[in-house]
Amino acid sequence: MQYFRTVVLFGLVVLFPPLVKCLGHQKFPQTKDSNQTIGNVIDFSQWIGIDYGQPTLRKRYDYVIVGAGPAGSVLAARLTEDPERTVLLLEVGRAEIPLVSNVPLSAPFLQATDYNFAYETEVQQRACLGLSDRKCSWPHGRGVGGSSIINYMIYTRGNRRDYDAWAAAGNPGWSWDEILPYHIRTEHANIRDFDRNGFHGHGGPLSVEDCPFRSRIATAFIESAQKAGYRYLDYNAGDQIGVSYLQANTQQGRRVTSGTAYLSPARKRPNLHIITRAWVTKVLFNKATREATGVVFIRDGVTRTVKARKEVILSAGAFESAKLLMLSGIGPADHLQSHGIPVLQDLPVGEILYEHPGVFGPVYLVRQPIDNLITLNDNLRVANLLEYFQGRGVLTTNSVESLLYVKTPVAESPDPGLPDVEVMQAFTSIDFDTSPGARSSFRLTNVTFDGYFRPIRNIRSFQYLPMLLKPRTRGKLRLKSTNPFHHPLFQYQYFEDDRDLDALAYGIEEAVRVTEQAPFRRFGVELYRKQVPGCEEFPFGTHQYWRCHVQTLTATFHHQVATCKMGPPSDPEAIVDHELRVYGVGRLRVVDIGVVPIPLTAHTAAIAFVIGEKAADLIRDAERRSKYAGRKKQPAAADSRSDRSFLWTPSMFK
């Protein structure tokens, strides 16, 4: 019965979002950019979601935390380890439904649920050309667990050189040696080859493990990469140039989120109140002291106010924290004034926005029979469900099995140990899903899908997903209006710098070189040579062709950072200091991935967890010293904020 219920719920929550768009029953005022699914009509979470209780709202708490994503969840759990400290955690989304979200292979479909804000880029000029409206999806989680509910569970910490550059730029406490203990603190590792190398923890709440499922493609890729000159290594030990199997935030093949790892065990603490479906619209300030005093939020159509004795902490993510700061009067003065928002503090909130762009492909065909992984439909059988509940089988993978880190000839940093492209190896390709689900999640047009993926629907195939780790392109985040329910406006154009295209094209070429090695030849593997629609003018396999392939089949990995950039008082682009305190005001911090100042060589979830862990220590230390005052910025040159040529790389600090 449990297996049957899982399948039914998966179908209800994931497969019928179009049906719901005409039903119109919503918890919040809806705008045209809302992601409307059956979850907006029937709140399944109140029956089968994790029970976070129905606490009676107090007028005042020691700390008010906005957002229950990875950083906010960690922070709330750590702060309430002291029973004398009271914390209110406000989350705009719902409680997690583990029966639905736990299956790793369902990751693309979860983006169709109301656990996703469903952000989109602006219309692109040089990217997403094979996607609907020439826009890429920018998924962003809403719910207890944040983006860890809908992401691909890939656990990568990044390169030691990035952290050391982060610290050397005026942010003490954020070097590799200083942050590694926090990574170890979070982790409960089960990694067969690297478990005891001194870089992994075994007592933390966050499970990190080898994926229980491993196809023969993965083994061939690891062997072939080694033959191509890459070493086999633990990319979470600080150095990355090389290849290894995927380390994932799963436990016995089931998704682990910040909610299940940190909040669920803490949810019955009397000093922790977790309120879901609470949309925070503004931070409140004492204008005389310039200190944050609380927040305003809307729940069940009622506007409420709650006060913080000590601090307000924004952990709403790179987009929503920046948006909330601007709605509250903290941001670029000219932009706020254009919306009629009184300026409390002129700071360049949203002036920087980095993303990790990527690409679907290249795709390979497997001519020898190696397994039955040809279509998803063929693998949704009772036997596969039974395997999943035993912690085995194809449902325990997100499809990515191993990672290769590459340094391209166009890399910005001359440091040979700092990669600029990550190549993800997936056991299958987009044609694996014969339903509209994956195609819709990735916004592929009919022309693109029918012209490129449909012809291989019943052929065993697999693909690579190269991702650019060090983009030169950067954009901005702006308010669309003063309506707090409107999505932000993203001024971001992929591949503004031509070298970003060249780096990804090189990543494809390196994947091709690896796949030409002997371990793949025994499977009869061949490169799928059909040209992507729109790229027919370029000879297949040339650098120019692969550039066109990147521009057409652009992928996004929702790794946006730097909207609330960390930096010293002398940095004209900084929003928060190294203790995460917002400049120019008191009792207000930003604790989420938006503070990361540079695009890291990592999938950002691992970083968000340690930001939460470190923030807990910083806040406890400030509490001991009764130090809540904000820091002031140093005057900057008039034109320094508009210098778009600045790129932080470790080589600058040698």
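1. Let's start with His 578. In this predicted model, His 578 sits in the loop that links strand E25 (554–556) to strand E26 (588–590). Is this histidine buried or exposed? His 578 is buried: its relative accessible area is 17%, and the cut-off for buried is under 20%. Setting aside neighbours within four places in sequence, His 578 is in contact with Asn 171, Pro 172, Trp 174, Met 566, Leu 618 and Arg 631.

2. Now have a look at helix H19, which covers residues 605–625. You can check its length yourself: at 1.5 Å a residue, its 21 residues should span 30 Å, and the C-alpha atoms at its ends are 31 Å apart, so the two agree. Of those 21 residues, 17 are buried, which means H19 is largely enclosed by the rest of the structure. Just after the helix comes Ser 626, with a positive phi of about 50°.

3. Next, the nonpolar interior. As a rule of thumb, nonpolar side chains in soluble globular proteins tend to be buried together. Here the largest nonpolar core has 187 residues, and the members touching the most others are Leu 325, Ile 330 and Leu 588. Which helix gives the most to this core? That would be H19, with 10 residues.

4. It's worth clicking on Leu 325. Again leaving out neighbours within four places in sequence, its contacts are Leu 314, Ile 330, Val 349, Cys 564, Ile 575, Val 582, Leu 588 and Val 590. There is also a second, separate core of 13 residues, and among them are Phe 109, Cys 211, Leu 385 and Leu 395.

5. On to a small sheet. It is open, with three strands in the order E5-E6-E8 and mixed pairing. Strands E5 (187–190) and E8 (247–248) are at the edges with a single partner strand each, so each has one side without a neighbour in the sheet.

6. What makes the pairing mixed? E5 and E6 run parallel and are joined by four bridges; one of the pairs is Ala 189 with Val 208 of E6. E6 (residues 206–210) and E8, on the other hand, are antiparallel and joined by two bridges, with Asp 210 partnered by Gln 247 in E8.

7. Finally, follow the side chains along E5. In a regular strand, side chains alternate between the two faces of the sheet. E5 shows this alternation: Glu 187 and Ala 189 point to one face and are buried, whereas His 188 and Asn 190 point to the other and are not buried.

Conventions. Residues are numbered from 1 along each chain as its sequence is written. This is a predicted model: local features need pLDDT of at least 70, side-chain atom pairs count only at pLDDT 80 or more; totals for chains, interfaces and linings use all residues. Side-chain values use heavy atoms; hydrogens and water are left out. Two strands pair if DSSP finds at least two bridges between them. The expected span of a helix is 1.5 Å times one less than its number of residues. Buried means under 20% relative accessible area, exposed over 50%, partly exposed in between (1.4 Å probe, protein chains only). A nonpolar core is a set of buried Ala, Val, Leu, Ile, Met, Phe, Trp, Tyr and Cys residues joined through side-chain atoms within 4.5 Å. Contact means heavy atoms within 4.5 Å.
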